[in-house]
Amino acid sequence: MKRYSVFAIAREAVRYHLGWERAWASPEPKASYDAIIVGAGGHGLATAYYLGKNFGITNVAVIEKGWLGGGNTGRNTTIIRSNYLQDPSAAIYEKARALYETLSQELNYNIMFSPRGLLMLAQSHHEVRGYLRTVHANALQGVQTEWISPQRVKELVPIINIDGPRYPVLGALYQARGGTARHDAVAWGYARACSGMGMHIIQNCEVKGVRSENGQVTGVETTKGFIGCKKLGIVVAGHSGQLAEMAGFRLPIEAVALQALVSEPIKPCMDVVVMANTVHGYMSQSDKGEMVIGGGTDGFNNYTQRGSFHHIEETLRALVETFPIISRLKMLRQWGGIVDMTGDRSPIISKTPLGNCFINCGWGTGGFKAIPGSGWAMAELMAKGEPGPLAAEFNMWRFKEGQFIDESVAAGVAH
Amino acid sequence: MSDPVSALNGASFQGFATIREIGPLGMITLRAKGLKSLDKAIKAVTGTRVPAPRRIEIKGDHACGWMSPDEYLLILPYAEVGEAMGKLAKALAGEHHLAVDVSDARAVFRIEGDKADQVLRKLMPVDFDRLEPGELRRSRAAQVAAAIWQQDQGFTLVCFRSVASYVMGLLTHSAQPGSEL
Amino acid sequence: MLILECPYCGVKAEETELSPGYEAHLKRFGPGSSPEEFEAYMFARKNPKGVHFERWRHTYGCGKWFLAARCTATLEVFGTYPAQVSEPPADIIAKIQARRPDWKGYK
Amino acid sequence: MSTRLARGGRLIDRTAPVEFTFNGKRFRGFRGDTLAAGLLANDQMLVGRSFKYHRPRGIVASGPEEPNALVNLGTGARLEPNQRTTTTELFDGLECSSQNHWPSLEFDVGVVNNYAARFLPAGFYYKTFIHPRPFWKHVFEPIIRRSAGLGKAPTQPDADRYEQAYAFCDVLVVGAGVAGMKVAKAAADKGQRVILLEQAPVLGGRAPVDQTEVDGQPVEAWLSAMEADLLARDNVTLRTRTCGFGVYDHGYVLADERVADHTPGDGRPKHRLWRIRAGKIVSATGAIERPLSFAGNDIPGVMLASAVRDYVVNYAVSPGDRTVIVTNNDSAYQTALALKAAGLDVPAILDAREVADGALPQAARAAGIRVLTGKAIAKVKGGKRVTGVAVCAQAGEGTVQEEIACEAVAMSGGWSPVVHLWSHCGGKLLWDETISAFVPDPKRPPLNHDGSAMVECVGAAAGDLDLSGKPAAIPPVWVMPQGAPVQLRNKMWLDYQNDVKVSDVQLASREGYVSVEHTKRYTTLGMATDQGKLSNINGLAVLAESLGEEIPQVGTTTFRPPYTPVTIGALAGEARGEIFQPLRRTPMHEAHEKAGAYFEPVGLWRRPYCFPRAGETHEQAVHREVLNTRQNLGLLDASTLGKIIVKGPDAGKFLDMLYTGVMSTLPVGKCRYGLMCNEQGFLIDDGVVARIDEDTWLCHTTSGGADRIHAWMEDWLQCEWWDWQVYTANVTEQYAQVAVVGPNARKLLQVLGGMDVSKEALPFMHWADGSLAGFPVRVYRISFSGELSYEIAVPASHGAAFWEACMEAGKALGAMPYGTEALHIMRAEKGFIMIGDETDGTVIPQDLGLDWAISKKKADYLGKRGQERTYLASPDRWKLVGFETLDGSVIPDGAYIVADGVNANGQRNTQGRVTSTYYSPTLKRGIAMGLLKHGPQRMGEVVEFNTVAGGTVKARVRDTVFYDRDGEKQNV
């Protein structure tokens, strides 16, 4: 695999870039592998990458129904943060954030991690208390966050209206090393690195069934025929329910639509990521100048990758109120993804009732920021057959006895 | 004791339609289903028949609206509510029902003029072309619940009292001169 | 932006007049039930890609809960019916079978 | 140079001149012009700079597909970036400026990127700026970000207003060209309710420019007759300036009406968003002409052939004295004829086809125009404007055979049906080889709620490009000339705005970004503000060619709404300022405002947080309110508390299921505190329940909880226990409620007079109906502060007057209003829990020491089974206790109680956290409640709370009641 660098570009420029090689190979599947990952999104590819890097397992295939990175990895609003409340969440998201810091160098692929800072606005006294709790939790979890004043919010985000008549900004939870990255590049960078280790990334190959003997997985039936494996990792986000059914178990998961949109590009006017949970909206400005905007999920099961428009309207109302200047910008494009929501809104990284079959799902609306940490923890689980500390709490059986990792608590329930 | 004061104390706005907050109006929520005495009880209070689903029966300043399969809204002069509650209790005695005075929990608006419908078309996901005479439609006006019906060359809109000024704001915004549809 | 007809008041309500309530026909398990039963009641959801039975409330209308049979992959609605039943009515089942011959059935 | 012709221009009104400015230069145009037409009429060929290389950009198109001619329109509070000049109607006083350059449009420093273009191919940034790492954050990324964006960011809030409207119809027709009008009429004839939308200010689409006749009538006559016919019908609604931009599920269509874009500041809403529910949607959206890919096809003066004839015919604007036509189909010959008819020169038509002998080519030849078949453009000459073209054979590799001087090039690479609306909800496409375009596949339409076809395409949108009665075959020409070497492909633009060239797509394919979505994302092809209207098909054809696949196998990217960008203000609609969200007001709201209350949002309610007096901080005000209430008399507006009536033979049984305690045994006239849990077992609400009569209870909920709990009750009654005889009614807003609190509370009620409120007549946790000062009231003797306290409900329409009466009568008793913060402090001093403070959705009543409020006898209640799960029943759960700091300070809000060591992930272990922490003005020290592992067994122990600064605060564990432990104050 040729290294990417400014010198490589200069060399290629002379010959009109005719000499670049493929970023990843597209081989036909072998009869069997040591491990198969279903789903070539960010989480699946990261799992494969860390199987190779951390455990030397490289006889791996990543099987993808469509094109790699084409699911939620390529549909999210690219936010990276780790200012979570509960210990297990903070641990895995901070692991991911820390890995993102050096991922470009590690993968030799610029994923454009941009720790531009992220803040969550507090717009009620209740929310102030919630974020103060998070700040204290983060201080013990090794996650660097701080509570900042409305004036500091205004300095960081000049276009914000902190004196809104309705929900004045009372302060914010600020994570200076939170930010964004280029979502496609994360998938592509991992794919290129996996391919470089000799792993097979098999696109346009749909899994139609999971085969097992004596309670142990033996392989998958696919549109390209049966492929055997010693270990199987299911990392398919919104379609986890279907794969679980093939493997013979049911998940505490609901698939719902989550939408996002971008405005037309304008000159840079906002340097940080802002989340406003009271009014349900968040916004950042991409390196192209587009305002990248997201909001809440729909409330019903939906596999169409199309959401209900009134959520877009609600989000835009909220953001026009918070950032009045965006009123005269134009919405350029809106889209939807299918997110997999668990009963406590936290992910599942777990063994399953089927032997040597593992699952990583339930990231809901927060998957992109977790990709490196999720892959790291899932690789450890698959390699060792038992979860490491990062994944231990995220097992799929925690619901039965009420051992939740509930992140919605920061938002509270009543007043 | 003072006189009862409606939510906006009779505020009004003249745009391409006329908006008036009216009231206070007497209103009773009656929850009951399939009772023998229901016809009689409603007749005693409003002088009307029991309305069919999604209909409102109007008789002068009394009316009875169908709110759901087991709920009716009885409308009458504010001063008559106490007496009406007594009549209901008597007529429905021994039968499972719930009658509560909700006169003060509501705000009522009149939207009047040739283009009154246009004010509401901007706010409610309701097919006004298909709204039938005597139909009571429960829906929402922008972000709050509202019920409307046609009456005397205009519309009557009922919403919760606490959001009266929001609804007035909506109606005012929608009835701005020059913004006819 | 779905439209569902409220079976109580006949209004073809749009989604913004309704509140969603996820899977229908769940059987409640209270004290005395096994951990597995209770977990299934609380968490294990069919979440099908295809025909689904779900709860909706006509929040901005008559306030009643009703049930809908809907395809989660195409959003086609096969019918709505009152909530006071423990499984889908026969006419709805028949309609789904006509539209989706390979449907595996409600159970 | 481009200029205004002396005659013609079917859309302009020469008697109505208008003045406008571009980059400060004053120009003249006419009413009816688009801004683009006005610019061209004033020889403004250079209108902007491209995104990446800052190449000079001119007007290419005449409609919403325009990728280049975007301007900052207006100034100040009416600045609108990225406004398309081709769809902006000219008005007097319009001000605009060009985008993406510094210091000026003519001289732009950013153009260095153009000279370095070979070092900046598609995706170059993924391959570089990797080392050294700090450089990315501090050097490279800031440079990339500073060069981002096109238009200026507005700096002021929007001066305009917006609104929305709903509409319903049987048939919605989008596009009022000939095909759309015919469909609308046919549907109307059948009695259907029809809405017809047209994005332009006038009807007719391309017909007036491209056709002479419709159905045997002169086109203009046909159109005006049809328009009159449609306007006369009751069942047809016609809306111009309205773009149907998105199709959503179940027949939902959004359309943006540009009400006052051309009359800014006239008081009307700028835009109106239409939310249309249609039984059937007809997309009569026409087709968009495709550019051709030849070297230099981005130089200002190279335009779509259809746009050139639009400017000539509609606006009497000449793009230049000499225009070379380059095409692969007959339609561009119309441009040649239109130019000729306007007295302009067409030096040559370069037709890539070997043979061109249709009616139009023959007409062109007859008009004396030189037609060269089998020819292509090897290269366009010029920089900031076209000066000529070099001609070569299409079949070759670009050897120049001839050079032709010209000021403009009109190109046509064929037509792409506008299938966006068809595709938004999943309508599938077919590749039509005859016209080399994707067309709707009528067998695979998007589906409606009943499974029927939701959208139908007609006319050009369905691929019917036949304008002259014969099938219009369009052979594919994706690269010109066919064998162009990389040096030429490197100068062939596909996406003008984002600077994506043929060579970039080929690079993406070489590197394995072979899915069309990968190519799009890697090269940014089609991601500009035109969303690929001009570039997508050409780009994927190039991709298919480099992969050696057929175009249908490569497929298209997903079509997503909106069809054209939509102003965000229109999507937010009326919801801003005062009506951004409903703000719920209690009947006493105005009185609080007059008293100078500082409000806090509580759900959608606004409640007084405190009532600061002149010179007081909020904290001082709160402390004064607490002390005054404890010492004299405090009045609280408690109207927001939820009040739900529950009545019926089974009401008691129902409430016993709902609450953890027993409500069925509550005697009439008494009150009881109750807790509600969800099925998980977690506490969701609390409040006082009063038994009104034999089968009626009144349940108080938290302020935020009324609607939620009422819905919760109805859910269980309708969906689980539907055979139980219970009715509920939410009467929260029927009553204003005033809490009269403090040692003088009874005195106040006695001053008001009207009922016996003595200890004997109305003991603690009782209620009574009666009157006070002539107001009809229900008085609850309950206390959330530990003081002697009455909560008095009066009908809401008397609320303000009753509050006033209490304040007036209370003057002599030291009455002061108090807010929510004083309420919080007083309840914390008494150790009362607050939903949302002590609870967070993961806390069960047992955690809070509320076992006394949980019935042990009941077989079942909501949450009981959930609470039996081992994790919830564990003795190791964190439980509620009180804390007092050793130094009297206030424990920081949100602090955790640290434990020794770290966990497996290296996080500091914890054993509890604070849930309520205040300075108690009564006790003059910090007080707190919180959850602590094994808390109740650890009384007297000292624990440490963390601070964000890294230190700790030491506090002693104690019980939660800090004030009046024996209840002597409340039970008087």
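Student: Which residues are buried in helix 4 of chain B?

Tutor: Welcome! This is a predicted model, and helix 4 of chain B covers residues 164-174. With 10 of its 11 residues buried, helix 4 of chain B is largely enclosed by the rest of the structure. The buried ones are Ala164(B), Ser165(B), Tyr166(B), Val167(B), Met168(B), Gly169(B), Leu170(B), Leu171(B), His173(B) and Ser174(B).

Student: How many of the residues of strand 6 of chain B are buried?

Tutor: Strand 6 of chain B runs over residues 71-77, seven residues in total. This strand is largely enclosed by the rest of the structure, because the buried residues in it number five of the seven.

Student: Which residue in strand 6 of chain B stands opposite Thr29(B)?

Tutor: Start with strand 3 of chain B, residues 25-31, which pairs with strand 6 of chain B in the antiparallel sense over seven bridges. Across from Thr29(B), in strand 6 of chain B, you will find Leu73(B).

Student: What joins strand 5 of chain B to strand 6 of chain B?

Tutor: Strand 5 of chain B, residues 62-68, pairs with strand 6 of chain B in the antiparallel sense over five bridges. Within this pairing, Ala63(B) stands opposite Ile75(B). The link from strand 5 of chain B to strand 6 of chain B uses two residues, and it is a hairpin.

Student: What is the radius of gyration of chain B?

Tutor: Chain B contains four helices and 11 strands. For its 181 residues the globule rule gives 16 Å, and the chain's own value is close to that, so chain B is as compact as a globular protein of that length; its radius of gyration is 17 Å.

Student: What share of the residues in chain B is buried?

Tutor: Let's set the scene: the C-alpha trace of chain B spans about 55 × 45 × 25 Å along its principal axes. Among its contacts between residues at least 6 apart in sequence, 62% join residues at least 24 apart. Of the 181 residues in chain B, the buried share is 54%.

Student: What is the radius of gyration of chain A?

Tutor: Chain A has 11 helices and 18 strands. The globule rule gives 22 Å for its 415 residues, and chain A comes close to this, so it is as compact as a globular protein of that length; the radius of gyration is 21 Å.

Student: What share of the residues of chain A counts as buried?

Tutor: The C-alpha atoms of chain A fill a box of roughly 65 × 65 × 40 Å along the principal axes. Of its contacts between residues at least 6 apart in sequence, 75% join residues at least 24 apart. Among the 415 residues of chain A, the buried share is 68%.

Student: Which element of chain D gives the most to the side that touches chain A?

Tutor: Five pairs of chains touch, and the most contacts are between chains A and D. Here 103 residues of chain D are in contact with 90 residues of chain A. The side of chain D that touches chain A has 42 nonpolar, 37 polar and 24 charged residues. The element that gives the most, with seven residues, is helix 4 of chain D.

Student: Where in helix 4 of chain D does the kink lie?

Tutor: Helix 4 of chain D has 14 residues, 133-146, which should span 20 Å at 1.5 Å a residue; the end C-alpha atoms are 19 Å apart, which agrees. Along the way there is a kink of about 40°, shortly before the proline Pro142(D), and it lies at Phe140(D).

Student: Which residue in strand 33 of chain D stands opposite Met331(A)?

Tutor: Strand 16 of chain A, residues 330-342, and strand 33 of chain D, residues 566-567, pair in the antiparallel sense over two bridges. Opposite Met331(A) in strand 33 of chain D stands Val566(D).

Student: Is Tyr162(D) buried or exposed?

Tutor: Tyr162(D) lies in strand 9 of chain D, residues 162-174. Its contacts beyond four places in sequence include Pro269(D), His271(D) and Gly569(D). The C-alpha atoms of Tyr162(D) and Gly569(D) are separated by 6.5 Å, although the two are 407 residues apart along the chain. With 25 C-beta neighbours inside 10 Å, where 20 or more are needed, Tyr162(D) counts as buried.

Notes
Residues are numbered from 1 along each chain as its sequence is written. Chains are lettered from A and ligands numbered from 1 in the order in which they are written. This is a predicted model: local features need pLDDT of at least 70, side-chain atom pairs count only at pLDDT 80 or more; totals for chains, interfaces and linings use all residues. The expected span of a helix is 1.5 Å times one less than its number of residues. The bend at a residue is the angle between axes fitted to the seven residues ending there and the seven starting there. Two residues are in contact if their C-beta atoms, placed from the backbone, lie within 7 Å. Ala, Val, Leu, Ile, Met, Phe, Trp, Tyr, Cys and Pro count as nonpolar, Asp, Glu, Lys and Arg as charged, and the others, Gly among them, as polar. Two strands pair if DSSP finds at least two bridges between them. The radius of gyration is taken over C-alpha atoms; the globule rule is 2.2 Å times the number of residues to the power 0.38. A residue is buried if 20 or more other C-beta atoms lie within 10 Å of its own, exposed if 12 or fewer, and partly exposed in between; C-beta atoms are placed from the backbone.
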